[in-house]
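Reader: I'd like a close look at one part of this protein, the packed interior and whatever surrounds it. Could you walk me through it in one go?

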Amino acid sequence: MTFPQLLSILRARYGVILLTLVIAVAATAAVTFNLPRIYRTSTTLLLNYKGTDPVSGQVLPAQLVSGYIATQVDLVGSRGVALKAVDMLGLADNPVTRQRFRQATNGKGSIREWLADSLQKMVDVAPSRESSMIEITAKGSDPAFTAQAANGIAAAYQQLNLQIKVEPLRQASKYFTQQTTALRAELEQAQEKMSRYQQEHGLVSADSRVDVETTRLNELSSQLVLAQGQGAEASSRGSQAMGSGGRDSPDVISNVLVQNLKASLAAAEGKFALLSQNLDRNHPQYQAAKAEVDQLRSELNSSISATNAGAANNARIQRQRAGEIRAALTAQTAKVLQLNRARDELSVLAKDVESAQHAYDAAAQRLNQTELEGRSNQSDVSVLSPATVPARPFSPNIPLNMVLSLLFGSMLGLALAVLAELANRRIRTGNDLISVLDAPMLGTIVWQKPARRLAFPHLFLSR
């Protein structure tokens, strides 16, 4: 079928097309104007996701944000939010809604559950792509109630989100309160144990006293080394003093009195030797010189004996002093070791106190933080644009439906015209005749409708 043939068919059957178009437009208009008016409005929410754990305070990984948004979308459309919205809007106490509930369910069931189901059917929740915004869309026949339902769902979700946020913090606050009490008791017990240990061992500061006792131990060690050296030297001198009469001992040689006595004795002996050559034994000068020599020799022997005895006594004293210092050093060593053990135990107790203090401070800090956040009334959800009462219905869309009815009616009319032509094919053009007879066409006669005759020609003729 060529395009001219199609045009001829359409010209011949334009009545079918117009009738179909009129019927389609009329039917669409009747259905459109009889459909109930549906209004739509939406509320946009912004989620300020922090992602912190209420107990540990750690920030959750960023990979959980997408799951968080999906969870919040499910939460907005949940029955719990719908029930809270019913309570906040007071729909269960509205006489009109009560009457609708009785008509719909014959008074069976819970009006709150019925209203929550109605709100869930009215509301559609959708997240924005690659953002933290959620759009709550409500559809209904009452424009005011539609906006009220969208805003009510948003407000109920805000309160439920705040409750979900605050309730774990309150539970964590109770947990931290118990832990803080227990840690305070452990801290007090550790401090009391350390104080009792300090009182029992007389320790005020573990380091200072040990430093003093260590210094004293070092001094005793130095004194013992010195005393041992002096004792060895004194013992050597004493041994020399006891052997060979002790006349060649260093103490005797270094004694000034002995040397003076030796000099006096030598002088007296020289004088006596000179007198003994000239005088007799009974001569008074001889006897006087001999007596002087004997006296000086006796004094010299006494001085040497006294010096040797002093060296021996000095050696004994040095040995005794070395023994006393050794005993003191042993006692001081034992004391320092005991103090070291006491210091170690005190250090352990001090570390226990420090650890208990750190644990208590950390628990107290977390307790203050959770209590502060638990008393917060600020939600992580913000309403960017609340729902407003729509001025025009969303459905049905009369202009769109009429345009679609025109397009559909025209297409249906064209289809019916072509089908009618195919069912009863007629020759409408020369090409149709040629294709049917397969013979040359000599010419065409153009037929026109005769002109209409006037019913009263005499009226026009008289004029």
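Author: Let's start with the record: an unreviewed UniProt entry annotates residues 12-33 and 398-419 as "transmembrane region". Keep in mind that the model here is a predicted one. In that model, residues 398-419 are 100% helix and 0% strand, and the C-alpha atoms at the two ends of the span sit 31 Å apart.

Now for the interior. The largest nonpolar core has 32 residues, and those touching the most other members are L47, V81, L119, V123, I136, I153 and Y157. Helices and strands both feed into this core: β1 (39-47), α3 (65-76), α4 (79-89), α6, β2 (123-127), β3 (133-140) and α7 each put in at least two residues. The top contributor is α7, which gives 8 residues. As a rule of thumb, nonpolar side chains in soluble globular proteins tend to be buried together.

Take L47 as a way in. Skipping residues up to four places away in sequence, L47 touches Y68, I69, Q72, S132, I134, Y157, D380 and V381. There's also a second, separate core, made of 12 residues, with A190, Y197, Y360 and A363 among them.

Next, go to Y39, which is part of strand β1. Its relative accessible area is 15%, so Y39 counts as buried, the cut-off being under 20%. Y39 and P143 are 104 residues apart in sequence, yet their C-alpha atoms are 5.6 Å apart in space. Leaving out residues up to four places away in sequence, Y39 has a long list of partners: A138, K139, G140, S141, P143, T146, P390, A391, R392, P393 and F394.

One of those partners, T146, belongs to helix α7. At a relative accessible area of 0%, T146 is buried too. Apart from neighbours within four places in sequence, T146 is in contact with Y39, T41, M122, A138, K139 and G140.

M122 brings us to an open space: the second largest pocket, with a volume of about 380 Å³. This pocket is lined by 17 residues, and T97, R100, L115, M122 and F145 are the closest to its centre. Two or more lining residues come from each of α5 (95-105), α6 (111-122) and α7 (143-201). Helix α6 has the largest share of that lining, at 5 residues. Sorted by class, the lining has 8 nonpolar, 7 polar and 2 charged residues.

Notes: Residues are numbered from 1 along each chain as its sequence is written. This is a predicted model: local features need pLDDT of at least 70, side-chain atom pairs count only at pLDDT 80 or more; totals for chains, interfaces and linings use all residues. Side-chain values use heavy atoms; hydrogens and water are left out. On a 1 Å grid over the protein atoms alone, a cavity is a set of points where a 1.4 Å probe fits but cannot get out, and a pocket is an open set with protein on both sides within 12 Å along at least five of seven lines; lining residues have an atom within 4 Å of a point. Grid points are joined across faces, edges and corners, and a volume is the space filled by probe spheres set on the points. Helices (H or I, at least four residues) and strands (E, at least two) are DSSP runs, numbered from the N terminus. Ala, Val, Leu, Ile, Met, Phe, Trp, Tyr, Cys and Pro count as nonpolar, Asp, Glu, Lys and Arg as charged, and the others, Gly among them, as polar. UniProt positions are given in the numbering used here, feature names are shortened, and annotations may be inferred rather than shown by experiment. A nonpolar core is a set of buried Ala, Val, Leu, Ile, Met, Phe, Trp, Tyr and Cys residues joined through side-chain atoms within 4.5 Å. Buried means under 20% relative accessible area, exposed over 50%, partly exposed in between (1.4 Å probe, protein chains only). Contact means heavy atoms within 4.5 Å.
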